[in-house]
Amino acid sequence: MGNPDVARIFYEVADLLELQGVSFKPQAYRRAAAAIEQLEVDIADAVREGRHKEIPGVGAAIAKKIEEIVDTGRLAYLDELKSEVPAGLLEVLMIPDVGPKTAMQLHRELGISSVAELKEAVESHRLQSLKGFGAKTEERILLGIRTLESSGGRTLLGEARPVARAYLAHVMACVPDVPASICGSLRRGRDTIGDIDILVASDSPDEVSEAFASYGLVSEVLARGSTKSSVLLQNGLQVDLRVVEASSYGAALQYFTGSKEHNVIVRKIGVERGLKVNEYGVFERGTERPVAGDSEESVYEALGLPWIPPELREDAGEVSAALDGKLPSLVDASDIRGDFHIHTDWSDGSDTIEEIASAAANLGYEFVAITDHSQSLTIANGLSPEKLRRQLGEIGRVGDKHADDITVFSGSEVDIKPDGSLDFPSSLLRELDVVIASIHSKMKMPKADMTKRMTKALESGDVDILGHPTARIIGRREPVEVDLEEIFEVAADAGVAMEVNAFPDRLDLRDVHCRLAKEHGVPVAIGTDSHSVRHLEYLELGTITARRGWLEKGDVLNTFRPNDIRKRLSGRRS
Ligand code: DGT
Ligand code: CA
Ligand code: CA
Ligand code: ZN
């Protein structure tokens with residue numbers, strides 16, 4: 001039971017209490033859950049040392065529940081609450097924009113206790129009979145249901161990646177010195193993944209499948225054979241294993257990395273050259289003589305193609321680019337010198353500027369930008385102009401102290417208000433190194449209005465980066481309606497970059513939009529939107545997204561040296 005598991009239990013308790021119309025208590029559980037999520041130490045260690053009672057928001061009652069969860073792995077109180085509320089109603093709560101109050105009202109007045117029943121009620125317009133429900137609400141709920149359905153069972157890349165790596169490390173420790181890799185959508189870096197695929201080359205497949213099935217986090221073995229196994233992990237993720245002979249490893253890696261659509265084209269190229277391509281190798285048609293298969297490079301080479309990076313294998317023109325010798329030379333994690341978007345305890349982050357700077361320096365970064373929220377965003381403890389000025393002093397002090405190892409840029413994530421104006425005066429913004437402008441409210445404006453709102457901000461002359469441009473939250477909130485092509489055109493003229501927000505549930509711009517930005521000559525700036533030093537590692541998710549968007553080193557501002565970034569950005573203040 002890690003900290004996120006304990007937090008999840010308390011969030012669920014809060015939802016269930018709220019569904020029962022209980023007041024105050026839900027907030028208390030949510031506060032505790034949030035504090036546990038942010039905790040630097042392992043919750044089980046905190047309990048052992050009796051220090052869990054010091055966590056903000058944790059009183060005597062919740063402290064006892066934490067002990068119970070850590071000791072037994074479950075919470076009887078949660079089971080009890082669950083038995084009192086229809087199970088389907090909890091699922092209704094997962095629809096974006098449907099809170100406990102609405103869910104309860106739907107349950108009481110229309111007898112709705114599942115997503116399916118709600119969908120049916122919306123489609124037959126029964127909701128409009130309720131007080132406070134109109135056509136607009138129906139439309140919103142329907143959109144929410146679609147969002148939920150489309151996220152159907154998929155897991156965020158940022159969640160699945162560490163799980164897959166740890167699993168692979170376990171297998172590789174059990175059967176050392178054999179080629180092994182993650183493949184599937186995870187290797188291609190898709191923003192969400194359906195399941196984890198692992199490939200191992202070995203002459204003793206039974207040993208591998210034994211290692212695979214014996215992993216500590218497996219909750220159920222779904223299938224177990226010598227070349228093919230599947231398990232469910234405790235967190236609900238499915239993991240598929242394939243074991244092949246070393247001579248087929250490259251072909252299998254190519255096949256199981258996919259995408260299916262990419263593979264279709266690869267096989268077609270094979271046909272044109274009289275070759276058969278499958279997960280065992282590349283073979284001459286007729287004679288069945290193997291011509292390639294041990295390495296992925298050999299497979300592509302046999303087809304007259306250069307090796308294609310997995311992130312590009314989506315049938316988006318990568319094979320014809322490869323045939324023409326026009327594959328991009330993708331930006332690489334090792335090119336990235338720093339992070340443009342970080343919150344600290346000056347707004348809603350949990351760590352100090354000093355902690356962020358030290359952690360980033362330890363990670364080998366050459367720069368970080370401190371970009372806390374602006375005043376209007378009161379829920380995120382946005383900074384007043386006076387407080388931002390005080391913060392500039394502190395950023396300067398930390399920057400001086402670390403001058404030899406990292407550049408600490410001052411900055412702000414300034415709110416774009418509904419009318420397109422910025423939440424700080426121009427004079428203040430011009431004192432900052434990095435200005436990210438983002439929308440955080442009134443997301444449901446019509447497309448034309450939203451486009452105008454954003455272009456006005458871009459044309460202000462005070463903005464360096466448009467933050468999380470579509471404002472999507474994967475699985476929870478649809479992207480806003482905005483004319484991105486127009487945004488990119490205006491940004492290109494105004495010299496404003498687009499953010500690739502690397503927080504796992506954002507990845508915004510997403511892959512295809514990165515590519516579109518590049519076509520319009522707009523560079524991107526990757527920012528983690530970190531609210532804690534633990535989030536800094538999300539930077540690589542941004543790089544993966546940029547790679548999926550065909551971006552090269554020169555398209556990504558994070559690859560510039562701090563001095564060049566300063567030069568580029570200071571154009572705004574002249
Ligand atoms: P996911 O798991 O839904 O995020 O997506 P993938 O791409 O990981 O798909 P998955 O796990 O079903 O299969 C892994 C790869 O194996 C897939 O990308 C391509 C290959 N593959 C699986 N089934 C087929 C198939 O029926 N035909 C072809 N050509 N390739 C397949
Ligand atoms: Ca998969
Ligand atoms: Ca699979
Ligand atoms: Zn933001």
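Colleague: Before we look at the calcium ion (ligand 3), what makes an atom a donor here?

Modeller: For Ca, a donor is an N, O or S atom within 3.2 Å of the metal. Keep in mind that this is a predicted model.

Colleague: Thanks! Which protein atoms are called donors of the calcium ion (ligand 3)?

Modeller: Asp-195 (OD), listed twice, Asp-197 (OD) and Asp-240 (OD) lie 2.2 to 2.8 Å from the ion. The cut-off for Ca is 3.2 Å, so they count as donors. Along the chain their spacing reads D-x1-D-x42-D. Distant parts of the chain are linked here: Asp-195 sits in the loop between β3 (192–193) and β4 (196–201), while Asp-240 belongs to strand β7 (residues 238–244), 45 residues apart.

Colleague: What does Asp-195 bridge?

Modeller: Asp-195 bridges the calcium ion (ligand 3) and the calcium ion (ligand 2), and these ions are 3.7 Å apart.

Colleague: Now to the cysteines. Why is Cys-183 not in a disulfide?

Modeller: A disulfide needs two cysteine sulfur atoms within 2.5 Å. The closest cysteine sulfur to that of Cys-183 is in Cys-174, 18 Å away, so a bond is ruled out. A search of the whole structure finds zero disulfides.

Colleague: Why are Cys-183 and Cys-514 called buried?

Modeller: Buried means under 20% relative accessible area. Cys-183 has 2% and Cys-514 has 0%, so both qualify.

Colleague: And how do you know whether Arg-547 is buried or exposed?

Modeller: Its relative accessible area is 14%, under the 20% limit, so Arg-547 is buried. Arg-547 lies in helix α23 (residues 539–548). Beyond its neighbours within four places in sequence, Arg-547 has contacts including Pro-309, Glu-311 and Asp-332.

Note on methods:
Residues numbered from 1 in each chain as written. Chains lettered and ligands numbered in written order. Predicted model: local features only at pLDDT ≥ 70, side-chain atom pairs only at ≥ 80, totals over all residues. Heavy atoms only, no water. Buried < 20%, exposed > 50% of the residue type's maximum accessible area, 1.4 Å probe, protein only. Helix = DSSP H or I, 4+ residues; strand = E, 2+ residues; numbered from the N terminus. Contact = heavy atoms within 4.5 Å.
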